[in-house]
Amino acid sequence: MHAKVKPAAPAQKPKLSFWAIWNMSFGFLGIQAGFALQQSNVPRIFQTMGAELDKIGFLMTAAPLAGLLVQPIIGYLSDRTWGRWGRRRPYFFIGAVLATLAMLGLPNATVLWTAAAMLLVLDVAINISMEPFRAFVGDLLPKEQLTTGYAVQTFFIGVGAVGASALPWVLTHWFDVANTAAAGKTPDSVVYAFYIGGAIYLAAVLWTVLRTREYSPEQLSEFHPEPEQAAPASTGVRGFISDYLNMPKIMVQLSLVQFFTWFTWFSMWTYGTATLTQHIYHATDTTSALYNEGANWWGVCGAVYNAASIAFAFVLPLIAARTSRKTAHALALAVGGLSFVSIYFITSPMMLLLSFAGVGLAWASTLSMPYAILAGKIPAKKMGMFMGMFNMSIVIPQVVSGVCLGYFLTHVFNGSAVMMMVLGGLSMLIAAALALRVEED
């Protein structure tokens, strides 16, 4: 009899230094600067160009539809890319260039359909950059550093979003840039904010591209040896469909949590400006100083919840270590849901900032915990494709939200935008309950 020979243990990824994790995540600062400017100002731009409030949700579905199509494709392609610039980094750079060009064009659009087209280009570009960044952490970090890696990403997301969200307010109040414009034109405060955001986007992504190195396919195979298969795995569309239908159970459970979570975020981004201008400032004329002051304050609220997410990004791993990742995520979502509901009872702009501090906890967790839970449970060779699939659980609820909420706004809530925040809060509380049912190891 021959003794069984144990297979060699897989090589272990070395731990990376804090500054290495910093460099690999820095590009997210730029990506989120572009994303935050879009969230804070595109509904305002659409309203300025004459879009009816209950139709803005349809126009805003350009973002999730772009993600639905682009993210799985980019994930699939980046898994199979290798060259002088690595595996993921070429997509970071291509997306950054396209996004910067779109950010120069969007605020200068003069008709609604042009603005909608530029939004679509911007969203496609952001998705080209963003999707590989999620897989990037799984590629480079050992399992014990995954939570830290996604927390640092969340930190940069917060930093980029704080600055970008507040830019129109800062330009108006600190530099006397015009905050009103003729009917159908975007105020200069918003136009210049997009110019600055585009420059930040490109510079931050270039920092990551130039200061980070990736493991080669051979090195990744040593870290994650795949078991031999009796038959070659399917590739292309057939392989994608097969993997989608056989995704890990935990991915299915997390996708359900994501549905109710991202239904809420889309409702906030779509109706946040209208909630403040209606409910707090009592203004509907898009050319008035009061309306535009309220629209700028919505950007300040965005800065507050993103600033809160920076602090919470480093608190959440501590909570997760003492409880579990799913418990930390559920707690954060519950606080966020109650914070959304509280907006209905607030009439002061300053008091509103307390609600958005609570929203920041939910945002920090949304950007880190689901990915930290999932990253260690999917095959390394398909990290990009599975992350792209998982991101479909982000975009599908946004499409549903965009299609449905306009009807509720008009026919159920008589045009009261603040009720969209209440509805979103209830949806996030459902997500919190579902998070506790995730079967995490």
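Buried means under 20% relative accessible area.

**View 1. Cysteines of the predicted model.** The structure shown is a predicted model. Cys-301 has a relative accessible area of 0%, so Cys-301 is buried under the 20% cut-off. Cys-404, with a relative accessible area of 31%, is partly exposed. Zero disulfides are found when the whole structure is searched. A disulfide is a covalent bond between the sulfur atoms of two cysteines.

**View 2. Helix 7, residues 146–175.** The helix has 30 residues and, at 1.5 Å a residue, should span 44 Å. Its end C-alpha atoms lie 41 Å apart, which agrees with that expectation. Of the 30 residues of helix 7, 22 are buried, so the rest of the structure largely encloses this helix.

**View 3. Kink and end of helix 7.** At Leu-167 helix 7 has a kink of about 50 degrees. The proline Pro-168 comes shortly after the kink. Asp-176 follows helix 7 and has a positive phi, near 55 degrees.

**View 4. Confidence along the chain.** The chain has a mean pLDDT of 86, with 88% of its residues at 70 or more. Among its elements, helix 16 (residues 418–435) has the highest mean pLDDT, 97, and helix 10 (residues 236–245) the lowest, 60. Residues 227–232 have pLDDT below 50. Beyond near neighbours in sequence, the stretch 227–232 makes zero contacts in the model. Where pLDDT is low, the predicted coordinates should not be read in detail.

Technical notes. Residues are numbered from 1 along each chain as its sequence is written. This is a predicted model: local features need pLDDT of at least 70, side-chain atom pairs count only at pLDDT 80 or more; totals for chains, interfaces and linings use all residues. Side-chain values use heavy atoms; hydrogens and water are left out. Helices (H or I, at least four residues) and strands (E, at least two) are DSSP runs, numbered from the N terminus. The expected span of a helix is 1.5 Å times one less than its number of residues. The bend at a residue is the angle between axes fitted to the seven residues ending there and the seven starting there. Buried means under 20% relative accessible area, exposed over 50%, partly exposed in between (1.4 Å probe, protein chains only). pLDDT is the predictor's confidence in each residue, from 0 to 100. Contact means heavy atoms within 4.5 Å. A disulfide is a pair of cysteine sulfur atoms within 2.5 Å.
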